[in-house]
Amino acid sequence: MKFTLSWLKDHLDTTATVDEIAEALTDLGLEVEAVTNPADRLRAFTLARVKSAEQHPDADRLRVCIVETDEGERQIVCGAPNAREGIIVVLAKPGDYVPGIDTTLSVGRIRGVESHGMMASERELELSDEHDGIIELPSGEVGERFVDWLADNFPEKVDPVIEIAITPNRPDALGVRGIARDLAARGLGTLRPRDHDPVPGDFPCPIPVAIDEDTADGCPVFAGRVIRGVRNGPSPQWLQDQLRAIGLRPISALVDITNFMTYDRNRPLHVFDADKVAGGLRVHRARGGETIMALDDREYTFAPGMIVISDDNGPESIAGIMGGAATGVSDQTENVFVESAYWDHVQIALAGRALKVSSDARYRFERGVDPEYTIAGLEHATRMIVDLCGGEVSELVIAGDVPNHSRSYRLNPARVQSLVGMDIPESEQRQTLTRLGFRLEGSQAHVPSWRPDIQGEADLVEEVARIASLTRLQGRPLKRLSPGIPKPVMTPHQRRLQAARRTAAALGYNECVSYSFIDREAAALFGGGGDATMLENPISSEMTHMRPSLLPGLLRAAARNQARGFMDLALFEAGPAFHGGEPGEQHTLVSGLLVGRIAPKDVHGTARAVDVFDAKADAEAVLAAIGAPARAQIRRGAPDWWHPGRHGMICLGPKKVLAVFGELHPRVLKAMDVKGPAMGFVVWPDEVPLARRTGAGRSALELRDLQAVERDFAFVVDADVEALTLVNAAAGADKALIEDVRVFDEFIGGSLGAGKKSLAVTVRLQPLDKTLTEKEIEAVSARIVQKVGKATGGVLRG
């Protein structure tokens, strides 16, 4: 929304400066995006008088002028045909920046003659396109600032332009009148009365209007009148200057008046050439397929249900958006029909988007205009047309009724303190609302028709606080709900998720944040893709379902990175996955993905491809960080997107799964366009049992002062025996003494024969109260051999 300072002062009697107004507007919630002050680029220029002008000795078209300035006489070489003795000119001195030629002046020599500055033309100062000669002023004193002379004689040339951002809840600020009202309420001036008496009609309106019954919800009221005998020439200079200043091109008096009303009062209007209207005007819904050539010289096709203004020949206007070219006004127009209507903002927005047409009228109607100003705005425009274009006015024709938007809310002065924390006297609150146009009856505040955003008592408080300035707020700490040390803010679930993220990042993973929506095919690969998780209104064909796992997003990220040459990846994500579409049918996961090598290639050959045990170690590290028990079982039986023979489930029992790790199935990698193999892990933080002790204290540190003993065993077992089964059997031989069991070697083939393998383990025994004797060690070793043999059928290797 743009407006000039002089335009604002037509509504606001104020002495405030541009800077004060801009600061107040931003503080009021009407954020100033730019202030363009033409005077800023002209401040350096002063007035001077040409004392003499002689012919240049070496150029026919140049004159050597002696110019009286505020710094004494200066010699300036000038090529303007009107450079002569006695005229008052605008002087640019050496060091001054001239905007029209984008040059900073310096002392120069022109055909051998030194020149100290220049005398400027209007184009060189960006005042107009005139450049046939230098500026000649009818008055002025030597040394007077040019901007001061312009402010006294041609203020429109140095009129600042202010541009503000309008939020959707403030359509009243789309008119200069609404902006002035806010500033007056703040105390930056007084709102000028700008009411106009109704213009009496001299004859019945020859163009009737009607609204179809099924269209009344989209157009409650449609009004107009005929003005005959108008002269549609150029608009007056003041109106052209105002429109040009805000970036609009003056067209003709009638069009300029409607544009002026749009920006001055937020009241879009339309003017039909009455001689081109066949019969009456009817507001109705389109059947579908009708076309119109609009004023922007583009043809639009109406969809069924769109609101159209038609005459007997067909559509003549896109209701509330843009008029038609067939009935548009021109320089030859003599009789006009001026229309003012109120349109439903939702239906205007839908039609505008469907037709892909933008206009100032659509921008305002889809945000909301003042319904009660519909008829008054028509009277105001009628007065301007008669004053500027002449003509004879008909009586008003009105179809429908102005909708009743009256409402009131209780003003509770204490609510300002409780909601905002500002201490504002009741008298000041009432005065503020009155200045904003509210009508107060006792404790009831009646909302003005131009404020559709006021919908409750809290909005009254907001208006009072906004006008008073939220900068008056004093920061105060909140009182504690209970004395003493406050309880932790983060829940156990949040602390676990934080610990998991930090651990994964410390392990070298990069965190990803992917969409919770994925396509059906990707969801089906991970057990989802059903109707329960399908979105009713997806934003794209690739985001149709809620994700059943975090792995699809990580695989997509890996595929994009591989396509750009990044082959070694460690990615993780923590967030929700969904197993249904109802509230609560979701679970939190921490997932990681490893692709490529564990490190770059080097001369030592330490780089190797990632494997299942890398994923296992990282999953166990994340589990340890969130407080999972150290002892857990590793089982098979994970879903089919994991490799059937290269995965494991970390469990506390048959039904208590804490995590899954392993290699992803090649079928999944192919479908996701990932070059494998790829390892991954998935951790369920909520499945980890909470600690039984919730206090801040820790248990006593237990340090053993007795030497540990290690014994190695090599067992020959069947080739299909899992190493974990052997390890668990050995560890169970004596749970008190055996501290750790580790596999350190595997051998297949040789003298073992087909179907056999050798697994070598180290068992660490930690004495508790005395040093172990050889006999005790042998007894534990025998129990280990017995347990392993019973669990796996294995025997000691000879």
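Select Lys656 to begin: at 31% relative accessibility, Lys656 counts as partly exposed. The model on screen is a predicted one, and each stop below starts from a residue or element to pick out in the viewer.

**First stop: Lys656 and its partner**

With Lys656 still highlighted, add Glu687, whose side chain meets that of Lys656 in a salt bridge of 3.4 Å from N to O. The two residues are 31 apart and the pair links distant parts of the chain, since Lys656 belongs to strand β37 (residues 656-664) while Glu687 sits in the loop between β38 (678-683) and β39 (709-718). Glu687, like its partner, is partly exposed, in this case with a relative accessible area of 29%.

**Second stop: Glu511 and Arg501**

Next, select Glu511 and Arg501, which form a salt bridge whose closest N and O atoms are 2.8 Å apart. Glu511 lies in strand β30 (residues 510-511) and Arg501 in helix α13 (residues 492-506), so this pair ties together parts that are 10 residues apart in sequence. Glu511 has a relative accessible area of 41% and is partly exposed, and Arg501, at 30%, counts as partly exposed as well.

**Third stop: a buried pair and its network**

Move on to Glu463 and Arg451, where a salt bridge brings the closest N and O atoms to 2.9 Å from each other. Because Glu463 lies in helix α12 (residues 457-468) and Arg451 in the loop between β29 (444-446) and α12, the pair ties together parts that are 12 residues apart in sequence. Are these two residues buried or exposed? Glu463 counts as buried at 2% relative accessibility, and Arg451 is buried too, with a relative accessible area of 1%. Now extend the selection to Arg170, Asp172, Asp182, Asp453 and Arg466, which together with Arg451 and Glu463 are linked in a network of salt bridges. For the model as a whole, the count comes to 46 salt bridges.

**Fourth stop: the sheet containing β29**

Strand β29 leads to the next selection, an open sheet of three strands in the order β27-β29-β28, with antiparallel pairing. Its edge strands, each pairing on one side only, are β27 (408-410) and β28 (439-441). Neighbouring strands of this sheet are turned by 25 degrees against each other on average, direction ignored. Looking at β27 and β29, which run antiparallel, one finds three bridges joining them; for Tyr409, the bridge partner in β29 is Ala445.

**Last stop: helix α19**

Finish by selecting residues 774-792, which make up helix α19: its 19 residues reach 27 Å from the first C-alpha to the last, close to the 27 Å expected at 1.5 Å a residue. Which residues of α19 are buried? They are Ile777, Val780, Ser781, Ile784, Val788 and Thr792, and they cover an arc of only 100 degrees around the axis, which puts them on the same side of α19. An α-helix has 3.6 residues a turn, so residues three or four places apart point the same way. Showing the surroundings of the buried residues of α19 brings up what covers them, including β39, α18 (723-731), β40 (738-748) and β41 (756-765). Turn to the other side of α19, and Lys775, Gln786 and Lys790 are exposed there. Just after α19, Gly793 takes a positive phi of about 80 degrees, and the tour ends at that residue.

How values were computed
Residues numbered from 1 in each chain as written. Predicted model: local features only at pLDDT ≥ 70, side-chain atom pairs only at ≥ 80, totals over all residues. Heavy atoms only, no water. Salt bridge = Lys/Arg side-chain N within 4 Å of Asp/Glu carboxyl O. Helix = DSSP H or I, 4+ residues; strand = E, 2+ residues; numbered from the N terminus. Buried < 20%, exposed > 50% of the residue type's maximum accessible area, 1.4 Å probe, protein only. Pairing = 2+ DSSP bridges. Axes fitted to C-alpha atoms, helices over the stretch in contact; angles between N-to-C directions. Expected span 1.5 Å × (residues − 1). Arc of directions from axis to C-beta. Contact = heavy atoms within 4.5 Å.
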